[in-house]
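I opened my notebook to write down what I looked up in this structure, one entry at a time.

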Amino acid sequence: MASRFASVVEAPPIEVFALNKAYVEDTFPQKVNLGVGAYRTDEGKPWVLPVVRQVEQQLAVDESLNKEYLPVLGLELMASAATRMLLGPDSASLKEGRASGVQTLSGTGALRVGAEFLARIAKHTVVYSSNPTWGNHSLVFLNGGFQEYRSYRYWDAANKALDLSGMLEDLGNAPENAVIILHACAHNPTGVDPTQEQWRQIADVIEQRGLFPFFDSAYQGFASGDLEGDAWAVRYFDSRGFEFLCAQSFSKNFGLYNERVGNLTIITKTAAVMSPIRSQITLLVRANYSNPPNHGGRIVGTVLNDPELYAQWKGHIKTMADRVILMRNGLRQRLEKLQTPGTWNHITDQIGMFSFTGLGPIAVEKMIHDHHIYLLKGGRINMCGLTTGNIDYVANCIHQVVTTTQESSL
(Lines give C-alpha, C1' and ligand atoms only; values in the text may rest on other atoms or scores of the structure.)
Protein backbone atom coordinates (compact mmCIF):
# COMPACT_ATOMS: atom_id res chain seq x y z
CA MET A 1 0.00 0.00 0.00
CA ALA A 2 1.40 3.39 -1.03
CA SER A 3 2.14 5.99 1.61
CA ARG A 4 -0.47 8.69 2.01
CA PHE A 5 2.47 11.10 1.70
CA ALA A 6 3.60 9.79 -1.69
CA SER A 7 2.53 13.04 -3.36
CA VAL A 8 4.83 15.18 -1.18
CA VAL A 9 7.60 16.59 -3.35
CA GLU A 10 11.13 17.46 -2.25
CA ALA A 11 11.36 21.10 -1.14
CA PRO A 12 14.25 23.18 -2.49
CA PRO A 13 17.19 23.53 -0.08
CA ILE A 14 17.59 26.74 1.92
CA GLU A 15 20.57 28.32 0.20
CA VAL A 16 22.51 29.68 3.16
CA PHE A 17 22.27 26.41 5.12
CA ALA A 18 23.15 24.29 2.07
CA LEU A 19 26.13 26.56 1.42
CA ASN A 20 27.36 26.21 4.98
CA LYS A 21 27.03 22.41 4.78
CA ALA A 22 29.13 22.37 1.61
CA TYR A 23 31.76 24.54 3.32
CA VAL A 24 31.95 22.26 6.36
CA GLU A 25 32.38 19.18 4.14
CA ASP A 26 35.11 20.84 2.02
CA THR A 27 38.61 19.61 2.95
CA PHE A 28 40.51 22.35 1.08
CA PRO A 29 42.88 23.97 3.62
CA GLN A 30 42.34 27.55 2.43
CA LYS A 31 38.54 27.40 2.21
CA VAL A 32 36.68 30.56 3.27
CA ASN A 33 33.06 30.89 4.39
CA LEU A 34 31.59 34.24 3.35
CA GLY A 35 28.01 32.99 3.40
CA VAL A 36 27.07 32.46 7.03
CA GLY A 37 25.09 35.33 8.57
CA ALA A 38 26.92 35.55 11.88
CA TYR A 39 29.80 37.54 13.37
CA ARG A 40 33.26 36.00 13.42
CA THR A 41 36.41 37.16 15.17
CA ASP A 42 39.64 37.80 13.29
CA GLU A 43 40.48 34.17 14.11
CA GLY A 44 37.32 33.12 12.27
CA LYS A 45 35.63 32.00 15.49
CA PRO A 46 32.17 32.74 16.95
CA TRP A 47 32.26 35.33 19.76
CA VAL A 48 30.21 35.13 22.91
CA LEU A 49 30.11 38.72 24.17
CA PRO A 50 31.87 39.09 27.56
CA VAL A 51 28.86 40.94 28.99
CA VAL A 52 26.67 37.99 28.00
CA ARG A 53 28.99 35.59 29.84
CA GLN A 54 28.91 37.87 32.88
CA VAL A 55 25.12 38.04 33.00
CA GLU A 56 24.80 34.28 32.47
CA GLN A 57 27.01 33.73 35.52
CA GLN A 58 24.82 36.09 37.55
CA LEU A 59 21.65 34.32 36.45
CA ALA A 60 23.10 30.89 37.21
CA VAL A 61 23.52 31.67 40.91
CA ASP A 62 20.30 33.67 41.33
CA GLU A 63 18.07 31.25 43.23
CA SER A 64 15.09 33.56 42.95
CA LEU A 65 14.81 32.57 39.28
CA ASN A 66 13.01 29.45 38.11
CA LYS A 67 11.98 27.63 34.95
CA GLU A 68 8.29 28.52 35.00
CA TYR A 69 6.57 29.62 31.80
CA LEU A 70 6.85 33.27 30.88
CA PRO A 71 3.68 35.26 30.14
CA VAL A 72 2.45 34.84 26.57
CA LEU A 73 3.87 38.25 25.61
CA GLY A 74 7.18 37.57 27.35
CA LEU A 75 9.32 39.47 29.82
CA GLU A 76 8.09 43.02 30.27
CA LEU A 77 11.50 44.21 31.50
CA MET A 78 13.03 43.04 28.25
CA ALA A 79 10.27 44.21 25.87
CA SER A 80 9.97 47.68 27.37
CA ALA A 81 13.75 48.18 27.38
CA ALA A 82 14.06 46.97 23.77
CA THR A 83 11.30 49.34 22.67
CA ARG A 84 13.00 52.22 24.52
CA MET A 85 16.33 51.36 22.88
CA LEU A 86 14.65 51.43 19.47
CA LEU A 87 12.62 54.63 19.83
CA GLY A 88 14.81 56.57 22.25
CA PRO A 89 13.83 57.86 25.70
CA ASP A 90 12.42 61.10 24.27
CA SER A 91 9.91 59.39 21.97
CA ALA A 92 6.48 61.02 22.25
CA SER A 93 4.77 57.72 21.44
CA LEU A 94 6.54 56.11 24.40
CA LYS A 95 5.64 58.93 26.77
CA GLU A 96 1.99 58.91 25.62
CA GLY A 97 1.51 55.13 25.82
CA ARG A 98 1.26 54.77 22.04
CA ALA A 99 4.23 52.40 21.80
CA SER A 100 4.47 48.92 23.25
CA GLY A 101 6.79 45.95 22.92
CA VAL A 102 6.18 42.21 22.89
CA GLN A 103 8.98 39.68 23.41
CA THR A 104 8.92 37.20 20.55
CA LEU A 105 10.61 34.01 19.47
CA SER A 106 13.46 35.77 17.64
CA GLY A 107 13.33 38.57 15.09
CA THR A 108 11.81 36.12 12.64
CA GLY A 109 9.10 35.41 15.20
CA ALA A 110 8.45 39.13 15.53
CA LEU A 111 8.00 39.35 11.75
CA ARG A 112 5.67 36.36 11.75
CA VAL A 113 3.54 37.58 14.67
CA GLY A 114 3.35 41.03 13.09
CA ALA A 115 2.45 39.54 9.71
CA GLU A 116 -0.31 37.41 11.22
CA PHE A 117 -1.72 40.38 13.12
CA LEU A 118 -1.76 42.59 10.02
CA ALA A 119 -3.20 39.90 7.74
CA ARG A 120 -5.65 38.10 10.02
CA ILE A 121 -6.75 40.85 12.41
CA ALA A 122 -6.14 44.14 10.56
CA LYS A 123 -7.09 42.58 7.18
CA HIS A 124 -4.12 43.75 5.11
CA THR A 125 -3.69 41.62 1.98
CA VAL A 126 -0.68 42.94 0.03
CA VAL A 127 2.92 43.22 1.25
CA TYR A 128 5.96 44.70 -0.51
CA SER A 129 9.65 44.14 0.17
CA SER A 130 12.76 45.45 -1.50
CA ASN A 131 14.30 43.69 -4.49
CA PRO A 132 16.46 42.04 -3.29
CA THR A 133 15.66 41.38 0.35
CA TRP A 134 16.32 38.85 3.09
CA GLY A 135 15.38 35.48 1.63
CA ASN A 136 12.91 34.60 4.39
CA HIS A 137 10.64 37.65 4.10
CA SER A 138 8.35 36.20 1.44
CA LEU A 139 7.96 32.87 3.23
CA VAL A 140 7.18 34.54 6.57
CA PHE A 141 4.57 36.96 5.22
CA LEU A 142 2.83 34.56 2.84
CA ASN A 143 2.66 31.86 5.50
CA GLY A 144 1.50 34.58 7.90
CA GLY A 145 -1.64 35.11 5.85
CA PHE A 146 -0.87 37.72 3.20
CA GLN A 147 -2.55 37.04 -0.14
CA GLU A 148 -0.01 38.79 -2.34
CA TYR A 149 3.73 39.43 -2.07
CA ARG A 150 5.30 42.07 -4.31
CA SER A 151 8.66 43.80 -4.61
CA TYR A 152 9.76 47.39 -5.02
CA ARG A 153 12.95 48.32 -6.83
CA TYR A 154 15.93 48.89 -4.55
CA TRP A 155 19.30 47.76 -5.91
CA ASP A 156 20.75 49.64 -8.87
CA ALA A 157 23.09 47.00 -10.27
CA ALA A 158 24.74 49.31 -12.80
CA ASN A 159 25.79 51.85 -10.20
CA LYS A 160 25.89 49.46 -7.22
CA ALA A 161 23.75 51.89 -5.25
CA LEU A 162 20.17 52.57 -4.17
CA ASP A 163 17.63 52.88 -6.98
CA LEU A 164 15.72 55.64 -5.23
CA SER A 165 13.67 56.76 -8.21
CA GLY A 166 12.58 53.19 -8.92
CA MET A 167 11.73 52.61 -5.26
CA LEU A 168 9.67 55.79 -5.01
CA GLU A 169 7.84 55.02 -8.26
CA ASP A 170 6.94 51.51 -7.13
CA LEU A 171 5.78 52.72 -3.71
CA GLY A 172 3.79 55.45 -5.44
CA ASN A 173 1.98 52.79 -7.46
CA ALA A 174 1.30 50.52 -4.49
CA PRO A 175 -2.34 50.09 -3.46
CA GLU A 176 -3.57 51.87 -0.37
CA ASN A 177 -3.03 49.90 2.88
CA ALA A 178 -0.24 47.80 1.35
CA VAL A 179 2.33 46.81 3.97
CA ILE A 180 5.87 47.97 3.13
CA ILE A 181 8.79 46.05 4.65
CA LEU A 182 11.66 48.44 5.31
CA HIS A 183 15.14 47.53 6.55
CA ALA A 184 15.88 49.86 9.47
CA CYS A 185 19.64 49.81 8.80
CA ALA A 186 22.34 47.65 7.20
CA HIS A 187 20.09 46.47 4.38
CA ASN A 188 20.32 42.71 3.83
CA PRO A 189 21.71 41.66 1.38
CA THR A 190 23.01 44.84 -0.29
CA GLY A 191 24.45 46.84 2.62
CA VAL A 192 23.00 49.95 0.91
CA ASP A 193 20.91 52.23 3.14
CA PRO A 194 18.98 55.38 2.18
CA THR A 195 20.41 58.67 3.37
CA GLN A 196 18.37 60.74 5.83
CA GLU A 197 17.08 62.91 2.99
CA GLN A 198 16.12 59.81 1.00
CA TRP A 199 14.29 58.42 4.04
CA ARG A 200 12.30 61.66 4.17
CA GLN A 201 11.25 61.18 0.55
CA ILE A 202 10.33 57.55 1.21
CA ALA A 203 8.23 58.59 4.21
CA ASP A 204 6.48 61.25 2.12
CA VAL A 205 5.35 58.69 -0.46
CA ILE A 206 4.28 56.18 2.17
CA GLU A 207 2.21 58.87 3.87
CA GLN A 208 0.69 60.18 0.64
CA ARG A 209 -0.29 56.69 -0.57
CA GLY A 210 -1.69 55.52 2.79
CA LEU A 211 0.78 52.64 3.06
CA PHE A 212 1.73 50.82 6.27
CA PRO A 213 5.45 50.60 7.22
CA PHE A 214 6.84 47.45 8.82
CA PHE A 215 10.49 47.91 9.84
CA ASP A 216 12.87 44.97 10.17
CA SER A 217 15.62 45.97 12.61
CA ALA A 218 18.19 43.18 12.84
CA TYR A 219 21.38 45.22 13.21
CA GLN A 220 20.85 48.20 15.53
CA GLY A 221 24.27 49.11 16.92
CA PHE A 222 25.92 46.29 14.98
CA ALA A 223 25.74 48.21 11.70
CA SER A 224 27.81 51.25 12.65
CA GLY A 225 28.57 50.84 16.35
CA ASP A 226 26.11 53.67 17.07
CA LEU A 227 22.75 52.62 18.53
CA GLU A 228 21.17 56.02 17.93
CA GLY A 229 22.42 56.43 14.38
CA ASP A 230 21.25 52.96 13.36
CA ALA A 231 17.76 53.74 14.70
CA TRP A 232 17.43 57.05 12.85
CA ALA A 233 14.92 55.89 10.23
CA VAL A 234 12.61 54.24 12.77
CA ARG A 235 12.75 57.28 15.05
CA TYR A 236 12.07 59.59 12.13
CA PHE A 237 8.90 57.70 11.18
CA ASP A 238 7.91 57.77 14.85
CA SER A 239 8.46 61.53 15.06
CA ARG A 240 6.19 62.06 12.06
CA GLY A 241 3.33 60.24 13.74
CA PHE A 242 3.20 57.12 11.58
CA GLU A 243 1.53 54.00 12.84
CA PHE A 244 3.90 51.10 12.18
CA LEU A 245 5.40 47.86 13.43
CA CYS A 246 9.06 47.07 13.97
CA ALA A 247 10.58 43.62 14.39
CA GLN A 248 13.80 43.66 16.43
CA SER A 249 16.37 40.88 16.54
CA PHE A 250 19.10 40.49 19.15
CA SER A 251 20.95 37.74 17.32
CA LYS A 252 23.61 39.97 15.81
CA ASN A 253 24.05 42.83 18.27
CA PHE A 254 24.07 40.52 21.32
CA GLY A 255 25.50 37.45 19.59
CA LEU A 256 22.50 35.47 20.86
CA TYR A 257 21.85 33.62 17.62
CA ASN A 258 20.52 30.33 18.99
CA GLU A 259 18.71 31.90 21.97
CA ARG A 260 16.08 33.34 19.58
CA VAL A 261 15.54 36.72 21.22
CA GLY A 262 13.22 39.15 19.46
CA ASN A 263 10.84 42.02 20.15
CA LEU A 264 7.85 43.31 18.22
CA THR A 265 7.26 47.02 18.76
CA ILE A 266 3.83 48.45 17.94
CA ILE A 267 3.39 52.20 17.43
CA THR A 268 -0.13 53.64 17.16
CA LYS A 269 -1.76 57.07 16.88
CA THR A 270 -3.78 56.67 20.08
CA ALA A 271 -3.11 54.82 23.33
CA ALA A 272 -6.70 53.58 23.44
CA VAL A 273 -6.13 50.95 20.73
CA MET A 274 -3.07 49.39 22.40
CA SER A 275 -4.94 47.09 24.79
CA PRO A 276 -7.10 45.49 22.05
CA ILE A 277 -4.02 45.05 19.86
CA ARG A 278 -2.07 43.34 22.62
CA SER A 279 -5.02 41.09 23.40
CA GLN A 280 -5.21 39.91 19.79
CA ILE A 281 -1.46 39.36 19.61
CA THR A 282 -1.76 37.32 22.80
CA LEU A 283 -4.12 34.91 21.04
CA LEU A 284 -1.90 34.72 17.95
CA VAL A 285 1.16 33.85 20.04
CA ARG A 286 -0.82 31.39 22.17
CA ALA A 287 -1.86 29.48 19.06
CA ASN A 288 1.66 29.51 17.68
CA TYR A 289 4.45 28.96 20.24
CA SER A 290 2.46 29.77 23.41
CA ASN A 291 5.18 31.89 25.05
CA PRO A 292 8.80 32.88 24.34
CA PRO A 293 11.96 31.42 25.94
CA ASN A 294 13.35 32.99 29.08
CA HIS A 295 17.15 32.72 29.01
CA GLY A 296 18.12 35.00 26.14
CA GLY A 297 15.34 37.45 26.88
CA ARG A 298 16.48 37.80 30.47
CA ILE A 299 20.05 38.42 29.32
CA VAL A 300 18.93 41.24 27.03
CA GLY A 301 16.57 42.67 29.63
CA THR A 302 19.24 42.61 32.33
CA VAL A 303 21.83 44.36 30.17
CA LEU A 304 19.48 47.02 28.79
CA ASN A 305 18.25 47.92 32.28
CA ASP A 306 21.67 48.17 33.98
CA PRO A 307 23.73 51.29 33.10
CA GLU A 308 27.08 49.62 33.73
CA LEU A 309 26.28 46.48 31.73
CA TYR A 310 24.69 48.63 29.03
CA ALA A 311 27.92 50.62 28.67
CA GLN A 312 29.93 47.39 28.41
CA TRP A 313 27.61 46.08 25.73
CA LYS A 314 27.89 49.27 23.67
CA GLY A 315 31.65 48.76 23.73
CA HIS A 316 31.20 45.22 22.40
CA ILE A 317 28.99 46.26 19.49
CA LYS A 318 31.50 48.94 18.53
CA THR A 319 34.24 46.28 18.55
CA MET A 320 32.20 44.18 16.11
CA ALA A 321 31.25 47.11 13.88
CA ASP A 322 34.83 48.40 13.76
CA ARG A 323 36.14 44.99 12.66
CA VAL A 324 33.63 44.89 9.82
CA ILE A 325 34.66 48.40 8.71
CA LEU A 326 38.33 47.37 8.86
CA MET A 327 37.67 44.39 6.59
CA ARG A 328 35.70 46.56 4.16
CA ASN A 329 38.59 49.00 3.87
CA GLY A 330 41.10 46.18 3.56
CA LEU A 331 39.26 44.38 0.77
CA ARG A 332 38.71 47.55 -1.24
CA GLN A 333 42.35 48.62 -0.89
CA ARG A 334 43.61 45.24 -2.05
CA LEU A 335 41.30 45.06 -5.06
CA GLU A 336 42.26 48.56 -6.13
CA LYS A 337 45.96 47.81 -5.64
CA LEU A 338 45.56 44.74 -7.86
CA GLN A 339 43.83 47.00 -10.41
CA THR A 340 40.90 44.65 -10.47
CA PRO A 341 38.54 45.68 -13.31
CA GLY A 342 35.62 47.84 -12.26
CA THR A 343 35.05 50.17 -9.34
CA TRP A 344 35.19 49.05 -5.71
CA ASN A 345 34.07 52.06 -3.70
CA HIS A 346 30.75 50.29 -3.08
CA ILE A 347 32.54 47.93 -0.69
CA THR A 348 33.19 50.80 1.72
CA ASP A 349 30.06 52.80 0.82
CA GLN A 350 27.89 49.92 2.04
CA ILE A 351 27.27 49.33 5.74
CA GLY A 352 26.79 46.41 8.09
CA MET A 353 27.65 42.76 7.97
CA PHE A 354 26.84 42.13 4.32
CA SER A 355 28.20 43.44 1.06
CA PHE A 356 26.67 43.04 -2.37
CA THR A 357 29.85 42.53 -4.38
CA GLY A 358 28.29 42.73 -7.83
CA LEU A 359 29.71 39.31 -8.75
CA GLY A 360 27.37 37.49 -11.12
CA PRO A 361 26.35 33.82 -10.92
CA ILE A 362 29.17 32.56 -13.15
CA ALA A 363 31.75 34.44 -11.08
CA VAL A 364 30.21 33.13 -7.87
CA GLU A 365 30.34 29.58 -9.24
CA LYS A 366 34.05 30.03 -9.97
CA MET A 367 34.69 31.44 -6.51
CA ILE A 368 33.13 28.38 -4.92
CA HIS A 369 34.34 25.58 -7.15
CA ASP A 370 37.72 26.90 -8.27
CA HIS A 371 38.80 28.72 -5.11
CA HIS A 372 36.69 27.20 -2.30
CA ILE A 373 35.35 30.62 -1.27
CA TYR A 374 31.70 30.21 -0.34
CA LEU A 375 29.23 33.03 -0.96
CA LEU A 376 25.57 33.30 -1.96
CA LYS A 377 24.67 33.09 -5.64
CA GLY A 378 23.48 36.71 -5.61
CA GLY A 379 27.03 37.82 -4.84
CA ARG A 380 26.40 38.68 -1.17
CA ILE A 381 29.33 38.17 1.19
CA ASN A 382 29.55 38.37 4.97
CA MET A 383 32.38 40.78 5.74
CA CYS A 384 32.92 38.99 9.08
CA GLY A 385 34.14 35.97 7.13
CA LEU A 386 37.18 37.98 6.12
CA THR A 387 40.19 37.92 8.45
CA THR A 388 43.73 39.24 8.34
CA GLY A 389 44.70 35.65 7.53
CA ASN A 390 42.51 35.17 4.46
CA ILE A 391 41.77 38.65 3.05
CA ASP A 392 44.72 38.57 0.62
CA TYR A 393 43.65 35.16 -0.69
CA VAL A 394 40.06 36.34 -1.15
CA ALA A 395 41.10 39.57 -2.89
CA ASN A 396 43.44 37.70 -5.25
CA CYS A 397 40.70 35.20 -6.12
CA ILE A 398 38.14 37.95 -6.75
CA HIS A 399 40.69 39.67 -8.98
CA GLN A 400 41.32 36.50 -10.95
CA VAL A 401 37.62 35.69 -11.35
CA VAL A 402 36.61 39.21 -12.36
CA THR A 403 39.50 39.46 -14.81
CA THR A 404 38.55 36.20 -16.54
CA THR A 405 34.73 36.37 -16.35
CA GLN A 406 32.99 38.36 -19.07
CA GLU A 407 29.64 38.54 -17.29
CA SER A 408 30.92 40.59 -14.36
CA SER A 409 29.59 44.14 -14.35
CA LEU A 410 32.32 45.32 -12.02
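Below are my entries on the sheet, the salt bridges and the nonpolar cores.

**Entry 1: what am I looking at?**
A reminder to myself: this is a predicted model.

**Entry 2: the sheet**
I wanted to know how many strands form the open sheet, and in what order. I found 7 strands, in the order S2-S10-S9-S8-S7-S3-S4, with mixed pairing. Next I looked at the edges, where strand S2 (99–105) and strand S4 (148–153) stand. Each of these has a single partner strand, so one side of each is left without a neighbour in the sheet. I also looked up the twist: neighbouring strands are turned by 25 degrees against each other on average, direction ignored.

Then I zoomed in on the S4 edge. Strand S3 (residues 126–131) runs parallel to S4, and 6 bridges join the two. Valine 127 has tyrosine 149 of S4 opposite it.

**Entry 3: a helix across the sheet**
Which strands does helix H3 (residues 76–87) lie across? I noted S2, strand S8 (212–217), strand S9 (244–249) and strand S10 (261–267). The helix runs at about 65 degrees to S10.

**Entry 4: salt bridges**
Some background I jotted down first: side chains of opposite charge can pair when their charged atoms come close. A search of the whole structure gave me 14 salt bridges. I picked out a few.

The first on my page joins aspartate 42 to arginine 323, with the closest N and O atoms 3.5 Å apart. This pair links distant parts of the chain, 281 residues apart. Aspartate 42 sits in the loop between strand S1 (32–33) and helix H2 (50–60), while arginine 323 belongs to helix H14 (residues 307–337). Are the two partners buried or exposed? Aspartate 42 is partly exposed, at 27% relative accessible area. Arginine 323 comes out at 10%, so I put it down as buried, since the cut-off for that is under 20%.

Next I went to glutamate 169 and arginine 153, whose closest N and O atoms are 3.2 Å apart in their salt bridge. Glutamate 169 is in helix H7 (residues 164–172) and arginine 153 is in strand S4, so the pair ties together parts that are 16 residues apart in sequence. Glutamate 169 is partly exposed at 45% relative accessibility, and arginine 153 is partly exposed at 35%.

Back in H14, I found glutamate 336 and arginine 332 meeting in a salt bridge, 2.8 Å from N to O. They lie 4 residues apart in that helix, about one turn. Glutamate 336 is partly exposed with a relative accessible area of 39%, and arginine 332 is partly exposed with 25%.

One more for the list: Arg112, Glu116 and Arg120 are linked in a network of salt bridges.

**Entry 5: the nonpolar cores**
Background again: in soluble globular proteins, nonpolar side chains tend to be buried together. How many residues does the largest nonpolar core have here? I got 63, and those with the most contacts inside it are Phe250, Phe254, Leu304, Trp313 and Leu331. Among the elements that give two or more residues to this core are H2, H3, helix H13 (295–304), H14 and helix H17 (391–404).

I followed tryptophan 313 a little further. Leaving out residues up to four places away in sequence, its contacts include Leu49, Met85, Leu227 and Phe254.

Last note: there is a second, separate core of 35 residues, which includes Leu87, Ala178, Leu182 and Phe244.

Technical notes: Residues numbered from 1 in each chain as written. Predicted model: local features only at pLDDT ≥ 70, side-chain atom pairs only at ≥ 80, totals over all residues. Heavy atoms only, no water. Pairing = 2+ DSSP bridges. Axes fitted to C-alpha atoms, helices over the stretch in contact; angles between N-to-C directions. Contact = heavy atoms within 4.5 Å. Salt bridge = Lys/Arg side-chain N within 4 Å of Asp/Glu carboxyl O. Buried < 20%, exposed > 50% of the residue type's maximum accessible area, 1.4 Å probe, protein only. Core = buried A, V, L, I, M, F, W, Y, C linked by side-chain atoms within 4.5 Å.
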